[in-house]
Amino acid sequence: MEVKSCKGGLRVLESKEVRLEELFPLSLRPVIGFRVEVLKESIKKNGYDPACPLVVQKNGSGYLVVNGCHRLQAARELGLDRLPVVEFPPEEDPVKLALRTQENDENVQPWDFLDRAFLVKRLYEELGTQERVAERLGWERSNVSRYLAIASLPGEVVTVIRSSVTVQGNSTVTEDCDRGHRKNLDDLWSVRWFRHICSLPADELKLAVVKKIAEAPEKWKEKDVASECARLKKRHELSTRIKEVLEGQESCEKELVELLDAVKKGVYDDRPEKALERADAVLKARQRTDLELMQEFGYEPEVFTVWRFNGRDERFGQKHPGNIPAGIVFNVLYYWSEQGDLVIDPMAGGGVVIDVCRAMKRRCVAWDVHPVREDVVKHDATRPWPVEPGSAALVFIDPPYWKQKRGEYRGENNLADMDLEGFYRSMRVVFEHAKRSLRPGGHLAVIVGPTQEAGRVHDHALVFARLLEDVGFEYVNRVIVPYTTQQVTGFDVAQARKSRFLLKLHRDLLVYRKAGD
Ligand SMILES: C[S@@+](CC[C@H](N)C(=O)[O-])C[C@H]1O[C@@H](n2cnc3c(N)ncnc32)[C@H](O)[C@@H]1O
């Protein structure tokens, strides 16, 4: 086809009129409702201005509209028959063409940064890497990532930004070629501001700062945006810390709401420590002691190193093979943790530890290779633990007593299914992960019973003690937790007597400590 003219250095094939059925939007920019409405008003009043042709490229039997999708939409809604177009060669990259024609053509409503962000996101989805997008657009990669961050702002934030131009006095966004009235987001907002806005840690903060700016964007400078974002970030961090202290604490709800409200209003901007002191004071005033909490459930701290707890306390944990008696957990929590502490149960089973932690106001994270409840995460305790290193006050381990319940537990890499050597090797790895997760001075409690077979005793507690010391734990205490004699059959007793073999009738609860406090 003959080249008719040059437009801003671009080859133009032809200017003509085309029927609307032949035009298809390329949708490189989002089509915004209010822009279409403004255009419709303008077209109704003045007719379609022939000096504003759509930028198109031939595509099959029709034309792709590279620039002018709002005008196309407005014309469709008004039932127009034809529109003027300027046709560019099909081999031009439509993305570059769209960007260059909007730069070179005063009749095209300039793209704003939200349009560019939309385009970058679209290209990123198509091309898969930021490098490829940068190459396609001829941009720096850092620019691509800045626009991608803008594109991932929540819809509500984008709406507020967009509406900041429509509410500017009587200047509206128009594409009716009346240059005197054209107002663009880029005239009011700077892309550089979004370095600060996008780095805010919560969507509600992004919305808050954008709403504030949108009231009068022309009054803001980058340093104002940066300091507003820094202020919001600090308030957010303070609120998070206050929530850590008071959230979920019964009868502290009112004070929590009041404190968070004051933080939001900036009351504690210059003295954040006062807010935390107040939260601590509220907690202390309301807090029941560990003794009171235990008594509420009918437990008392044990005083001696023999703890006689047998059977399941149905108030704690889901029925599961090998549920631990809740009294053991109450006592371990009482002696080796405090309210608010983080407790890890890496082999949670029916979750007795989780429920007792709740009763004793400890935070608990729990895993199992075969979780049976929603608050237990599927995780193999021999793999690195998904918690912040040094964050836990107590790790409570109630592992399979080697093969005692083989066939009753499920899940891959279940310790119950291993040979003895593998069982000990895995427990050593578990102890290593526990040490990493504990804070200095934090405790590890592990309970285990022996395996007795064919006249042999495998005293796992003795091996665990050696492993724990190898891993670098310090010994704290050892508690004997007897089984009842009812758990041994008359036949076993008779056999043991006859073959002069002592039956071990207890589990060992070993308590160790991570050095450093
Ligand atoms: C004695 S039970 C725990 C019972 C639990 N304390 C309760 O009171 O319900 C041992 C648990 O360890 C889990 N387990 C075994 N191997 C594991 C592994 N590699 N990682 C995580 N959990 C494992 C088993 O699936 C089983 O649920």
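**An N-terminal sheet, a ligand site and buried elements in a predicted model**

Asn59 stands opposite Gly62 of strand β6. The model in which this pair is seen is a predicted one. Asn59 belongs to strand β5, which covers residues 54-59, and Gly62 to β6, which covers residues 62-67. These two strands pair in the antiparallel sense, and five bridges join them. They form a hairpin with two residues between the strands. In this hairpin Gly60 adopts a positive phi, near 60°.

The hairpin strands are part of an open sheet of five strands. Its order is β3-β7-β5-β6-β4, and the pairing is mixed. The edges are held by β3 (14-19) and β4 (23-25). Each of these two has a single partner strand, so one side of each lacks a neighbour in the sheet. On average, neighbouring strands of the sheet are turned by 45° against each other, direction ignored.

Strand β6 pairs with β5 in the antiparallel sense, but with β4 in the parallel sense. Three bridges join β4 and β6. Here Phe24 stands opposite Leu64 of β6. Strand β6 is mostly covered, with six of its six residues buried. Helix α2 (residues 69-78) lies across four strands, namely β4, β5, β6 and β7 (82-88). This helix runs at about 125° to β4.

Further along the chain, helix α11 takes up residues 222-246. Does its length fit its residue count, or what span should be expected? At 1.5 Å a residue, the 25 residues should span 36 Å, and the end C-alpha atoms are 36 Å apart, so the two values agree. The buried residues of α11 include Val225, Leu232, Leu238, Ile242, Val245 and Leu246. Glu228, Cys229, Arg235 and Ser239 are also among the buried residues of this helix. The buried residues of α11 pack against four helices: α9 (193-198), α10 (203-214), α12 (253-264) and α13 (272-286). Just after α11 comes Gly248, with a positive phi of about 80°.

The loop between α14 (290-296) and α15 (326-336) contains Asp313. With a relative accessible area of 12%, under the 20% limit, Asp313 counts as buried. Its side chain makes a polar contact of 2.8 Å with the side chain of Arg315. Apart from neighbours within four places in sequence, Asp313 is in contact with Tyr299 and Ala326.

The ligand is surrounded by 23 residues. Asn323, Gly350, Asp368, Ala381 and Asp398 are the closest. An oxygen atom of the ligand lies 2.7 Å from an N or O atom in the side chain of Asn323. At Gly350 the partner is a polar backbone atom, 2.7 Å from an oxygen atom of the ligand. A nitrogen atom of the ligand lies 3.0 Å from a backbone N or O atom of Asn413.

Leu415 sits in the loop between β11 (392-397) and α17 (420-437). Its relative accessibility is 5%, so Leu415 counts as buried. Its contacts, leaving aside neighbours within four places in sequence, are Met347, Thr382, Pro400, Trp402, Phe423, Ser426 and Met427. Pro399 is 16 residues from Leu415 in sequence. In space, the C-alpha atoms of Leu415 and Pro399 are 7.6 Å apart.

Strand β16 (residues 506-514) is mostly covered, and nine of its nine residues are buried. Both of its faces are covered. On one side the buried residues are His506, Asp508, Leu510, Tyr512 and Lys514. On the other side they are Arg507, Leu509, Val511 and Arg513. Strand β16 pairs with β12 (residues 438-448) in the antiparallel sense over six bridges. One bridge matches His443 with Arg513 of β16. Strand β15 (residues 473-482) also runs antiparallel to β16, and nine bridges join them. In this pair Phe473 stands opposite Lys514 of β16.

Notes. Residues numbered from 1 in each chain as written. Predicted model: local features only at pLDDT ≥ 70, side-chain atom pairs only at ≥ 80, totals over all residues. Heavy atoms only, no water. Pairing = 2+ DSSP bridges. Axes fitted to C-alpha atoms, helices over the stretch in contact; angles between N-to-C directions. Contact = heavy atoms within 4.5 Å. Expected span 1.5 Å × (residues − 1). Buried < 20%, exposed > 50% of the residue type's maximum accessible area, 1.4 Å probe, protein only. Near = heavy atom within 4 Å. Polar contact = N/O pair within 3.5 Å; in protein donor to acceptor, adjacent residues only side chain to side chain.
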